[in-house]
Amino acid sequence: EKPLVIRFVTPDGPGKNKLLNGDEILSINDEDVQFASREYVINLIRNSKEKIKLCVKQPTVIRIINYYI
């Protein structure tokens, strides 16, 4: 699926009040993932040790979100 979009934000999860359903993932930990496979992105997130730095595109703004997993 291109672009890679966030389908669901867990209400009490680390993305609460930061991520929105439908956000497009542009990069993870400064690695461009716009053309990466879904499986690659999932593995990249799962293999992150402490922090994940996401750059997402929301409908009207691009912002960088840092949070601990």
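What percentage of the contacts between residues at least 6 apart in sequence join residues at least 24 apart? In this predicted model, the figure is 42%. The protein has 69 residues, of which 33% are buried. Its accessible surface amounts to about 4900 Å², and carbon and sulfur atoms account for 53% of that area.

The secondary structure consists of 1 helix and 4 strands. In sequence order, these elements follow the pattern β-β-α-β-β. Strand S1 covers residues 24-28 and strand S2 residues 31-32, while strand S3 spans residues 51-57.

The loop between S1 and S2 contains Asn 29 as well as Asp 30. Both have a positive phi although neither is glycine. For Asn 29 the angle is near 50°; for Asp 30 it is near 65°. The two residues also have unlike exposure classes: Asn 29 is partly exposed, because its relative accessible area of 34% falls between the limits of 20% and 50%, whereas Asp 30, at 60%, is over 50% and therefore counts as exposed.

The count of salt bridges is 2. One of them joins the side chains of Lys 53 and Asp 30, with an N to O distance of 3.1 Å. This pair connects distant parts of the chain, its members being 23 residues apart. Lys 53 belongs to strand S3, and Asp 30 to the loop between strand S1 and strand S2. Asp 30 thus combines a positive phi with a side chain engaged in a salt bridge. The relative accessible area of Lys 53 is 27%, so this residue is classed as partly exposed. Its partner Asp 30 is exposed, at 60%.

The other salt bridge is formed by the side chains of Lys 16 and Asp 12, where the N to O distance is 3.7 Å. This value lies within the 4 Å cut-off, and the pair therefore qualifies as a salt bridge. Lys 16 has a relative accessibility of 39% and is counted as partly exposed. Asp 12 has a relative accessible area of 70%, which places this residue in the exposed class.

In both salt bridges, then, the lysine is partly exposed and the aspartate is exposed.

Conventions
Residues are numbered from 1 along each chain as its sequence is written. This is a predicted model: local features need pLDDT of at least 70, side-chain atom pairs count only at pLDDT 80 or more; totals for chains, interfaces and linings use all residues. Side-chain values use heavy atoms; hydrogens and water are left out. Buried means under 20% relative accessible area, exposed over 50%, partly exposed in between (1.4 Å probe, protein chains only). Helices (H or I, at least four residues) and strands (E, at least two) are DSSP runs, numbered from the N terminus. Contact means heavy atoms within 4.5 Å. Accessible areas come from the Shrake-Rupley method with a 1.4 Å probe; for residues, only the protein chains shown count as cover.
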